Amino acid sequence: MRQSVARLDSSRSAVDPIDPRVEQALRYIVAIGAVLVLLLPAARASSAQIGWLPLWLLAMPLTAWWALHRFRLPWRAQDQAAAVPVRRRRPGAQARRRARPLARAAAARAA
C-alpha cells in the first residue's frame, strides 16, 4: 500500500507542475522578508499582536515555498548510492497472540 502511495506522489509531481506565478510571488515575499529582518532592528523583535516577527517575515514564507515543492529535500548523489532496498513482508499468516495464563484461569473459574 505504501509503495503505491509513493508511486502516486512521484507521478503526481510530474503531472502537476508548479505554477511559476506562485513561485515568483513566494520568492519576492522571502526576499522582502529577508531584507526587512536584516536591515530593520524592529523587524527582529516581537509584536504583541502577531508574535515573533522573523517567523512571519521569513520562516513562514520559506515554509510555504518548501511546501509548494512538496517538501522535497535537495538531491545529493550520495543519497541514490545509499538507497536502501524496500523490505518485503514475510510469507505466511499473521501471528496471533496467545491467551494469557491468568485469563484462562479466570475463564475456567467463571464457567
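These are my notebook entries on a predicted model of one protein.

**Entry: overall layout**

I began with the elements. The protein has 5 helices and 2 strands. I read their order from the N terminus as α-α-β-β-α-α-α. Next I looked up burial. The protein has 111 residues, and 9% of them count as buried. I then checked the accessible surface, which comes to about 10,300 Å². Carbon and sulfur atoms hold 63% of that surface. For the contacts, I took those with a separation of 6 or more. Of these, 52% join residues 24 or more positions apart.

**Entry: confidence**

I wanted to know how far to trust the coordinates. The average pLDDT of the protein is 78. A score of at least 70 is reached by 69% of the residues. Which element has the lowest mean pLDDT, and which the highest? Helix α1, residues 2-15, has the lowest at 50, and α2 has the highest at 94. Over residues 4-9 the pLDDT falls below 50. This stretch has 0 contacts in the model beyond near neighbours in sequence. I note the usual caution: where pLDDT is low, predicted coordinates should not be read in detail.

**Entry: between α1 and α2**

I moved on to Pro17, which sits in the loop between α1 and α2. Pro17 counts as exposed because its relative accessibility is 67%, and the cut-off for exposed is over 50%. I then looked across to His69. Pro17 and His69 are 52 residues apart along the chain. Their C-alpha atoms are separated by 9.4 Å.

**Entry: salt bridges**

I searched for charged pairs. In general, side chains of opposite charge can pair when their charged atoms come close. How many salt bridges does the structure hold? I found 2 salt bridges.

One joins Asp19 and Arg21, with the closest N and O atoms 3.2 Å apart. Asp19 is partly exposed, at 27% relative accessible area. Arg21 is exposed, at 63%.

The other joins Arg27 and Glu23, where the closest N and O atoms are 3.5 Å apart. Both residues lie in helix α2. They are 4 residues apart, about one turn of the helix. Arg27 is partly exposed, at 46% relative accessible area.

**Entry: Glu23 again**

Is Glu23 buried or exposed? Glu23 is buried, because its relative accessible area is 15% and buried means under 20%. I listed what Glu23 touches, leaving out residues up to four places away in sequence. The list is Ile18, Trp65, Leu68 and His69. So I now have two notes on His69: Glu23 touches His69, and the C-alpha atom of His69 is 9.4 Å from that of Pro17.

**Entry: the loop after α3**

I looked at Arg70 next. Arg70 lies in the loop between α3 (53-68) and α4 (77-81). Its phi is positive, about 60°, although Arg70 is not a glycine. Arg70 is partly exposed, with 36% relative accessibility.

**Entry: aromatic rings**

I checked the rings. A pair of aromatic rings is described by the distance of the centres and the angle of the planes. The count comes to 1 aromatic pair. The rings are those of Trp66 and Phe71, with centres 5.0 Å apart. Why is the pair edge-to-face? The planes stand at 80°, and planes over 60 degrees apart count as edge-to-face. I looked up the exposure of both partners. Trp66 is partly exposed at 39% relative accessibility. Phe71 is partly exposed at 48%.

**Entry: a nonpolar patch**

My last search was for nonpolar side chains on the surface. Which residues form a nonpolar patch there? The patch is formed by Val35, Leu38, Leu39 and Leu40. Together they have about 420 Å² of accessible area. I picked out Leu40. Leu40 lies in the loop between α2 (20-39) and β1 (46-47). Leu40 is partly exposed, with a relative accessible area of 43%.

Technical notes:
Residues are numbered from 1 along each chain as its sequence is written. Side-chain values use heavy atoms; hydrogens and water are left out. Patches are made of residues with over 30% relative accessible area and no salt bridge: like charges are joined within 9 Å, nonpolar side chains (Val, Leu, Ile, Met, Phe, Trp, Tyr) within 5 Å. Accessible areas come from the Shrake-Rupley method with a 1.4 Å probe; for residues, only the protein chains shown count as cover. A salt bridge is a side-chain nitrogen of Lys or Arg within 4 Å of a carboxyl oxygen of Asp or Glu. Buried means under 20% relative accessible area, exposed over 50%, partly exposed in between (1.4 Å probe, protein chains only). Rings of Phe, Tyr and Trp (its six-membered ring) pair if their centres lie within 6.5 Å; planes under 30 degrees apart count as stacked, over 60 as edge-to-face and the rest as tilted. Contact means heavy atoms within 4.5 Å. pLDDT is the predictor's confidence in each residue, from 0 to 100.
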